[in-house]
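Let's take a friendly walk through a protein model, from its sulfur links to its rings and its core. Keep the structure open beside you as you read.

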Amino acid sequence: DDKKNGTVPTPLTNYLDTQYFGEISIGSPAQMFNVVFDTGSANLWVPSQSCSPFSTACYTHNRYDASKSWTYVENGTGFSIQYASGNVRGFLSEDVVVVGGIPVVQVFAEATSLSAMPFIFAKFDGVLGMGYPNVAIDGITPVFDRIMSQHVLKEEVFSVYYSRDPKHSPGGELVLGGTDPNYYTGNFNYMDTRETGKWEVTMKGVSVGMEIMFCAEGCTAVIDTGSSYITGPASSVSVLMQTIGAQLDESGYKVNCNTVKSLPSVTFHLGGQEYSLTQEDYILWQSHIEGDVCTVTFRALDVPPPTGPIWILGANFIARYYTEFDRRNNRIGFATAV
Ligand SMILES: CCN(C(=O)c1cnc(C)nc1NCc1ccco1)[C@H]1CCCNC1
């Protein structure tokens with residue numbers, strides 16, 4: 001592999017354009033896990049061998065067995081992480097974690113209970129947070145920080161490509177230490193992260209068609225590689241959905257598939273540039289026996305102050321705009337994905 005030039009690629013699997021994950025190992029001998037590389041959090045957790053058999057989500061995934069690893073170091077401190085979509089509880093352990101062939105001694109969480117929603121739907125086993133240290137629970141040094149301190153990377157950046165077609169191979173790629181020109185065209189446009197040490201930027205507006213409809217006075221956008229969709233404040237998203245004629249049902253917003261080609265672009269004004277998503281980018285078209293279903297990949301999510309109100313730009317945005325996360329300069333770069 002091209003580690004000698006200080007960039008390390010990890011291929012990702014694309015599950016239905018909604019879940020992207022790659023393989024890491026923990027322990028000696030290696031125990032393999034599929035994890036989401038998640039810029040929206042900063043901790044590593046995987047299901048634990050000691051999880052309760054009643055935790056279905058834990059039982060149906062690969063589980064870490066400390067008793068089988070000779071490099072395991074006990075810690076035992078409690079761990080709990082709350083996502084908008086669910087929660088994870090467990091305890092801390094330490095072992096050798098290998099990402100893209102780079103080994104780090106890492107404190108991570110063994111999950112002993114995973115909320116059934118949403119983790120019974122997860123094709124991945126755990127989450128590897130790629131966020132800043134200051135958002136890491138229990139003050140644990142994140143994996144990428146441990147890798148940076150080894151000085152093996154050409155640049156203190158990582159980049160993410162998500163394919164837009166599940167049949168495409170690879171389904172995506174994480175590059176530690178640089179970018180992969182095979183997956184983008186043109187130049188990167190950069191914008192500084194906000195001072196809070198999160199992968200978030202100031203957004204200057206959201207337009208539908210030619211008209212700025214939301215966030216006109218400016219708002220916060222989180223670039224979250226671990227979220228499937230784009231989320232916005234419920235009030236804004238409901239107006240957006242009315243504008244495109246989408247109906248809310250139990251599994252999200254739907255549009256009539258034969259109106260899809262006439263839907264307007266939705267544009268995000270970030271760092272002096274306009275990032276448009278066409279209906280191709282924001283409609284998930286699924287063919288079912290009883291007919292086609294067209295889901296709008298926007299969700300309403302009200303994040304309470306002081307963090308919110310925020311927009312979260314997830315996988316459907318990143319699939320269109322190849323993203324570079326630059327820890328050296330605390331900035332995010334976007335280029336057009338191929
Ligand atoms: C991983 C937890 N997350 C999910 O949104 C989430 C939950 N549950 C399932 C089944 N999948 C999720 N994400 C799939 C995915 C992979 C890559 C892109 O989206 C979020 C929580 C907030 C921080 N950021 C991550």
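## How the cysteines pair up

If you number the bonded cysteines of the protein chain in sequence order, the pairing reads 1-2, 3-4, 5-6. Keep in mind that you are looking at a predicted model. The count of disulfides comes to three, and we can visit them one by one.

## Two left-handed links

Start with C51 and C58, which form a disulfide with their sulfur atoms 2.3 Å apart. About the S-S bond this link has -115 degrees, and it is left-handed. Are C51 and C58 buried or exposed? Both C51 and C58 are buried.

Next come C215 and C219, another disulfide, with 2.1 Å between the sulfur atoms. The torsion about the S-S bond of C215 and C219 is about -100 degrees, so this disulfide is left-handed. C215 and C219 are both buried.

## A right-handed link across the chain

Now look at C257 and C294, which are joined by a disulfide with an S to S distance of 2.0 Å. What is the handedness of the disulfide of C257 and C294? The torsion about its S-S bond is about 115 degrees, so the disulfide is right-handed. This pair links distant parts of the chain: C257 is in the loop between β17 (252–255) and β18 (266–270), while C294 is in strand β21 (residues 291–296), 37 residues apart.

Both ends of this link can be checked for burial, where the cut-off is under 20% relative accessible area. C257 has a relative accessible area of 11%, so C257 is buried. C294 is buried too, because its relative accessible area is 1%.

## Rings that meet

Aromatic rings give us another set of contacts to explore. The count of aromatic pairs comes to 24. In one of them, the rings of Y20 and Y162 have their centres 3.9 Å apart and their planes at 10 degrees, so the pair is stacked. Y20 lies in strand β2 (residues 19–26) and Y162 in strand β9 (residues 157–162), so the pair ties together parts that are 142 residues apart in sequence. Y20 counts as buried because its relative accessibility is 6%, and Y162 counts as buried because its relative accessibility is 2%.

F214 and W311 form an aromatic pair too, and this one is tilted: the rings are 6.1 Å centre to centre, with 40 degrees between the planes. F214 belongs to strand β13 (residues 211–214) and W311 to strand β23 (residues 310–313), so the pair ties together parts that are 97 residues apart in sequence. Both F214 and W311 are buried.

## A cluster and a serine

Which residues do ring pairs link into a cluster with F214 and W311? The other members are F268, Y275, Y282, F298, F317, Y321 and F334.

F214 and W311 have something else in common. Leaving aside neighbours within four places in sequence, S236 is in contact with F214 and W311. S236 lies in helix α4 (residues 234–244). With a relative accessibility of 13%, S236 counts as buried.

## Charges over rings

Some rings have a charged partner. The charged end of R63 sits over the ring of Y59, 4.4 Å from the ring centre. In the same way, the charged end of R331 sits over the ring of Y190, 3.5 Å from the centre of that ring.

## The nonpolar cores

The largest nonpolar core has 72 residues. Which of its residues touch the most other members? They are I24, L44, L176, F268, L270, V296 and F317. Take L270 as an example: not counting residues up to four places away in sequence, L270 touches M191, V201, T202, M203, A221, Y275, L313, F317 and F334. Apart from this core lies another, of 19 residues, among them V36, C58, I81 and F124. You have met C58 already, as the disulfide partner of C51.

## A glycine in a loop

Our final stop is G101, found in the loop between β6 (86–99) and β7 (102–114). Is G101 buried, partly exposed or exposed? At 39% relative accessibility, G101 counts as partly exposed. How far is the C-alpha atom of G101 from that of E250? The two C-alpha atoms are separated by 42 Å, and G101 and E250 are 149 residues apart along the chain.

Notes
Residues are numbered from 1 along each chain as its sequence is written. This is a predicted model: local features need pLDDT of at least 70, side-chain atom pairs count only at pLDDT 80 or more; totals for chains, interfaces and linings use all residues. Side-chain values use heavy atoms; hydrogens and water are left out. A nonpolar core is a set of buried Ala, Val, Leu, Ile, Met, Phe, Trp, Tyr and Cys residues joined through side-chain atoms within 4.5 Å. Buried means under 20% relative accessible area, exposed over 50%, partly exposed in between (1.4 Å probe, protein chains only). Contact means heavy atoms within 4.5 Å. Helices (H or I, at least four residues) and strands (E, at least two) are DSSP runs, numbered from the N terminus. A disulfide is a pair of cysteine sulfur atoms within 2.5 Å. Rings of Phe, Tyr and Trp (its six-membered ring) pair if their centres lie within 6.5 Å; planes under 30 degrees apart count as stacked, over 60 as edge-to-face and the rest as tilted. A charge sits over a ring if NZ of Lys or CZ of Arg is within 6 Å of the ring centre and within 35 degrees of the ring normal.
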